[in-house]
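This report is written for a reader new to the structure. It goes through strands, cores, a sheet, a helix and some backbone details in turn.

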Amino acid sequence: MPPMGIRLSPLGVAVFCLLGVGVLYHLYAGVLSTRWAASRQKRNVDLRELLAVSVEAAVLGGKEVKKVREENALKEKSKGKTKEGASELLTMGDLQSHRKMYNLISNTFPEITVNSEEHDNMVDKEVIWSRDIPADIVDRIEGGKDVPAGSVTVWIDPLDATQEYTENLVQYVTTMVCVAVGSKPVIGVIHQPFTGFTAWAFVGQGSNMRPRSSYSVNPPKVIVSRSHSGKVKSYIQDAFGNSTAIVEAGGAGYKVLSLVAMPPGDTEQADVYIHITFIKKWDICAGAALLNALGGHMTTLKGEDIDYSGAPLNKEGLVASVGVDHKAILERLPNWDPDKQ
């Protein structure tokens, strides 16, 4: 019973109780969040298994990409415009591939961060890893390469070269998965859905790819984007001369594959890959890992390493090479600020 002369308002009591519950909730939620983060950091991920899952995801997504294209069920629409004014397209191939790839990796390793070019709320718990590690990975890569789950970021491109996909230029199309540990690209997978070929690499451990036996640098043959070229042609001619051969192609994954030894087919050969405008990390991370594993490089136009943690946008352009003197290539490039173009 309250003291004489004091009346307790039911509304006041209710507000006081709600405030108390709110304070307790935030305190408890903070403790849980801290404990969950610490638990996530302590969990380890076997990178050989993650490589196997990445290969399986890229192949699984590729099947969806090929099926949608063959059924002519693209249902394409625009996501907006690039800085250069080109349309960024989205098709059912992008979405269906994303759903398979994202859910497979997330279901297998729920504690790691997975970033995809596409965004979709469809959760499919039925997409599970087969537990199969391909024989070429078993032969080349030792197990037990564990890292804390909290240090891992996976970048997925469910369909690279969407513009070319809609034009039925399917030789440029790839699906890609990259695993970054900290800021460094460590695992890269580039799959060609319409040939069935898959390139993979684990930096410092092994790869099913190798550099070509020879490259030219005086001048190099330079591969560039056919849909995001900007002023790249004059930039390259300023660097290497007007006689420089410039190859226009779709897809960052395809361009990286043009730098390495590939099976006979539709992949053109180039000596250097240059991009002078903004580009997203899901477009380039897998290629960076592949080139690094083969002794090559993918840097900004200024020669700096690209950080594959954090935000998805790389604003500094890129230069990619293998089998040539990367530093010498960089020294010939004119000054360029992609942010001001």
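Two strands pair if DSSP finds at least two bridges between them. Helices (H or I, at least four residues) and strands (E, at least two) are DSSP runs, numbered from the N terminus. The model is predicted, and local features need pLDDT of at least 70, side-chain atom pairs count only at pLDDT 80 or more, and totals for chains, interfaces and linings use all residues. Residues are numbered from 1 along each chain as its sequence is written, and side-chain values use heavy atoms, with hydrogens and water left out.

**Strands β6, β7 and β8**

Strand β7 spans residues 174–181. Of its 8 residues, 7 are buried (buried means under 20% relative accessible area, exposed over 50%, partly exposed in between, with a 1.4 Å probe and protein chains only). Strand β7 is joined by 7 bridges to β6 (residues 152–160), and the two run antiparallel. V152 has V181 in β7 as its bridge partner. Strand β8 (residues 184–192) is also antiparallel to β7, again with 7 bridges; here A180 stands opposite P185. The hairpin of β7 and β8 has 2 residues between the strands, and G182 takes a positive phi near 65° there.

**Nonpolar cores**

A nonpolar core is a set of buried Ala, Val, Leu, Ile, Met, Phe, Trp, Tyr and Cys residues joined through side-chain atoms within 4.5 Å. The largest one has 61 residues, of which Y273, I274, L290, M298, Y308 and L333 touch the most other members. Helix α8 (residues 281–293) supplies the largest share of this core, 7 residues. A second, separate core of 31 residues includes V45, A52, I105 and W200.

Contact means heavy atoms within 4.5 Å. Not counting residues up to four places away in sequence, I274 touches, among others, V222, V224, F240, L318 and L333.

**The open sheet**

An open sheet of 5 strands follows the order β12-β11-β13-β17-β15, with mixed pairing. Strands β12 (246–249) and β15 (297–299) stand at the edges with a single partner strand each, so one side of each is left without a neighbour in the sheet. On average, neighbouring strands are turned by 20° against each other, direction ignored. Axes are lines fitted to C-alpha atoms, for helices over the stretch in contact, and angles run from 0 to 180 degrees between N-to-C directions.

Strands β11 (residues 222–225) and β13 (residues 272–275) run parallel and are joined by 2 bridges, with I223 opposite Y273. Helix α8 packs on the sheet, touching β15 and β17 (318–321), and its direction makes about 140° with that of β15.

**Helix α3**

Helix α3 (residues 92–108) has 17 residues and reaches 24 Å from its first C-alpha to its last, close to the expected 24 Å; the expected span is 1.5 Å times one less than the number of residues. Its buried residues include L95, H98, R99, M101 and I105. At the N-terminal end, T91 caps α3, with a side-chain oxygen 3.1 Å from the backbone nitrogen of G93.

**Backbone details**

N218 and P219 are joined by a cis peptide bond, with omega about -10°. P219 lies in the loop between β10 (206–207) and β11.

The table lists positive phi values in residues other than glycine.

| Residue | Phi | Loop | Relative accessibility |
|---|---|---|---|
| R131 | near 70° | between β4 (113–116) and α4 (135–140) | 55%, exposed |
| N168 | near 65° | between α5 (162–166) and β7 | 47%, partly exposed |

Conventions
Polar contact = N/O pair within 3.5 Å; in protein donor to acceptor, adjacent residues only side chain to side chain.
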